[in-house]
Amino acid sequence: MALKTSAGFLRLKHLKQVVRLLSAHTRPETVINGGKPAEFPGAKAPYVTQMKFLNETSYDPIPIYRVMENNGEIIDSREEPNIENETLINMYNTMVQLNNMDKILYESQRQGRISFYMTNYCEEGIHVGSAAALSPRDLVFAQYREVGVFLYRGVTVTELVNQCYGNHEDPGKGRQMPVHYGSKQFNLVTISSPLATQMPQAVGAAYAFKRVPNNDRCVICFFGEGAASEGDAHAAFNFAATLDCPVIMFCRNNGYAISTPAIEQYRGDGIAARGPSLGIQTVRVDGTDLLAVYNAVSRAREYAVTNNKPVLIEAMSYRVGHHSTSDDSSAYRSLEEIKKWNTDESPVQKFKLYLEHKGLWDVESDKTWNKEARNIVIKTMQEAEKKKLPNWKEMLEDVYYDMPPRIQKQMQQMEEHLKKYPEHYPLDQYQSD
Amino acid sequence: MSSAIRKNCFLISKLFKNVNNCSKRLSSHFIYFPDNEKPVDGETSKMNMMQAINNAMDITLKNDPTAVVFGEDVAFGGVFRCALGLQEKYGKDRVFNTPLCEQGIAGFGIGLATAGATAIAEIQFADYIFPAFDQLVNEAAKARYRSGGQFDCGALTVRTPCSAVGHGGLYHSQSPEAFFAHVPGLKVVVPRGPIAAKGLLLSCIRERDPCIFLEPKILYRSAAEEVPLEDYTLPLGEAQLLKEGDAATLIGWGTQVHVLLEVAQMAEEELGIKCDVIDLQSILPWDEDTVCNSVKKTGRCLISHEAPLTSGFGAELAATIQEECFLHLEAPIARVTGWDAPFPHVFEPFYLPDKWRCYHTLAELVKY
């Protein structure tokens, strides 16, 4: 009766088998429809004479794939990915860099230096594990809590900090709130705040890739378990499946959408359970286990590109920080609850122990790199603060490819206004013509 | 965790001592003019707009057993805390979180209202209301009409924070009133402060038509007034004349009302002229009488809103005013608004129709 799942991808076929098992269990002696399955356009399934409702307990929960124990030891050596030592160290360094950036930028928001920030604690393994398993040419549609992917791809702390300050070196030209990064050069589509809008977009991008001769690229789309409640999420899954798109739909299930816990966000077996039901290869992994994430994404990537099909990955994690600097999570959860995710289940800690077991890392190197990573951020911030904001005219650029006369006129009006009333505008903070 | 963070904060603040602090957050772009007139007599309490809205919902939940309050993160009070304490007071079946889905929230609210319940839905930011556009425009607005009056969802009120806040950027700053003002069947309301918010929200909740209640989020905490504690409503479809004069009519809603009140004060001091200042309050339907009577008196009109110029609600006002007041107009109707661009983050001081832009336009208008 129970669906036997392995750590591998769930297939729709498996679900069909379950229905067969269920029906076998209750099938009467008499043969229905000559033993042939029904041939409705919407379902090819056997007939039964006994009615039975299915629910979330009709199946085993989808298991969570792990490679490492919390102490950093590999559970099954066959699952240990073959990654070069230098790469492993770079992966760890990226997580530490990310941690340091989070600490300092969070604090800088508290001091009023930037207007907003979002930390990534406990999701570092998801960022780095997935980024390392992808080709740098794969297109990334991020939500807003994936800055580790950006760092791993090669976006510098300087570029990220400039974006948070919205200064004239921000590639986004100061138009968006902090953490809305984007980099054409590194195939990272600029982040937008509305949730789940990126999901059908990612599927469309994957379809475009598929049509390119000898395509070797896929698309990865990150989204949270909260965003998965949006209508766009369902649209994305269904389009990805029916239009056979080489896209990895990567859910970061960190347990909270601002204050709303997963239990109030969905019922049933999480986001992963939606994959097989829509005909999508699906796997659930421990998001605090970087190596598990790495394996899942590399196999998903191979499958997606080879078969032109989507894959759904649900990475289980926990949002250790507040939702953002606008949030105080003590209003809806206890410090006690957070503790374990910040210690035993910390992806950074686990991966560090793994590197230590391999003899690639030690306390001294950790101290040195932490210090350096912190200094990089501090130095970058000091520089970013000195940089002027972009020329105010950037406010009206890029609305259209060519500025329509009406906007040209508005720019002229503002220019004349600023000539007349310069003392009432913070012009000295902005670049001038 | 918290102690670790505190420790880090301390270390980091030490490190920051040498960093130039050249990018202090910009202070608010307006002065708040509190309401001094009370709509009803009786006991009052000092409330900010968040508390006044909370009070209106509290009164509703207390008196209307069918009423429910829901939306994303509403259980703990919502991200702006307008529903603070209501779940504890009225229970989890009346004040609750929904999954993260605006179209779901709107549709669910329509269903509640269709089945006889009073639905008070919160969309976390007006910038995120667009997935619910279909439900609101095609369903809520047309329910009575398409059923020949058999069904309606008048008991639905959708509350949502809108407008500039100083650092909201593209997706935490928009003022989408004009989109909804284009939809026959909806009522659209924007309060300018706590007293107005309470009375107007209670009207919206009891109104027989579905209402979109846009709350300028910058006023939640920055605006405080002596709000009457008892139950009162303010009429929908009526504007309020807040200041009287004869030189020009200044029309705004929400936060912009306060900018215009200051502009009127500046004009009085600098130009020696007095203006009518009208808070439209109801965007749809709007109060043609109050507006046109004022413009007929003053002969000059300035309309100001944060939303972009093109097809902003000012366009509708201007068109009607020129039809109704053509022979009284001494100058073309002026509009001072956000520019025709998305709402930008670091350029907000240049984007907003601030007092200097409004003042300059008013000065030109009276010289015309």
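This passage looks at one helix of chain B and then at several salt bridges of chain A, all in a predicted model.

Helix 12 of chain B is a good place to start. Running from residue 313 to residue 325, this helix is 13 residues long. From its first C-alpha to its last it reaches 18 Å, close to the 18 Å expected at 1.5 Å a residue. Quite a few of its residues are tucked away from the surface: B:Phe313, B:Gly314, B:Leu317, B:Ala318, B:Thr320, B:Ile321 and B:Cys325 are buried. An α-helix has 3.6 residues a turn, so residues three or four places apart point the same way. As for what the buried residues of helix 12 pack against, the partners in chain B include two helices, helix 7 (177-181) and helix 11 (288-298). The strands they pack against are strand 10 (248-252), strand 12 (282-284), strand 13 (301-308) and strand 14 (334-338), again in chain B.

Now for the charged side chains. Side chains of opposite charge can pair when their charged atoms come close. Over all chains, a search of the whole structure turns up 40 salt bridges. One of them is in chain A, where the side chains of A:Arg319 and A:Asp327 meet with 3.6 Å from N to O. Both partners are buried: A:Arg319 has a relative accessible area of 1%, and A:Asp327 has one of 7%.

Another salt bridge pairs A:Asp366 with A:Lys352, and here the closest N and O atoms are 3.3 Å apart. This pair ties together distant parts of the chain, since A:Asp366 sits in helix 13 (residues 363-386) of chain A and A:Lys352 in helix 12 (residues 347-357) of chain A, 14 residues apart. A:Asp366 counts as buried at 10% relative accessibility, and A:Lys352 is buried too, with a relative accessible area of 18%.

A:Lys393 and A:Glu415 make a further salt bridge, with 2.9 Å between the closest N and O atoms. Once more the link spans distant parts of the chain: A:Lys393 lies in the loop between helix 13 and helix 14 (405-420) of chain A, while A:Glu415 belongs to helix 14 of chain A, 22 residues apart. A:Lys393 counts as buried because its relative accessibility is 15%, under the 20% cut-off. A:Glu415, in contrast, is partly exposed at 26%.

Finally, some salt bridges share partners, and in that way A:Arg66, A:Asp286, A:Glu345 and A:Lys350 are joined into one network.

Methods
Residues are numbered from 1 along each chain as its sequence is written. Chains are lettered from A and ligands numbered from 1 in the order in which they are written. This is a predicted model: local features need pLDDT of at least 70, side-chain atom pairs count only at pLDDT 80 or more; totals for chains, interfaces and linings use all residues. Side-chain values use heavy atoms; hydrogens and water are left out. Helices (H or I, at least four residues) and strands (E, at least two) are DSSP runs, numbered from the N terminus. The expected span of a helix is 1.5 Å times one less than its number of residues. Buried means under 20% relative accessible area, exposed over 50%, partly exposed in between (1.4 Å probe, protein chains only). Contact means heavy atoms within 4.5 Å. A salt bridge is a side-chain nitrogen of Lys or Arg within 4 Å of a carboxyl oxygen of Asp or Glu.
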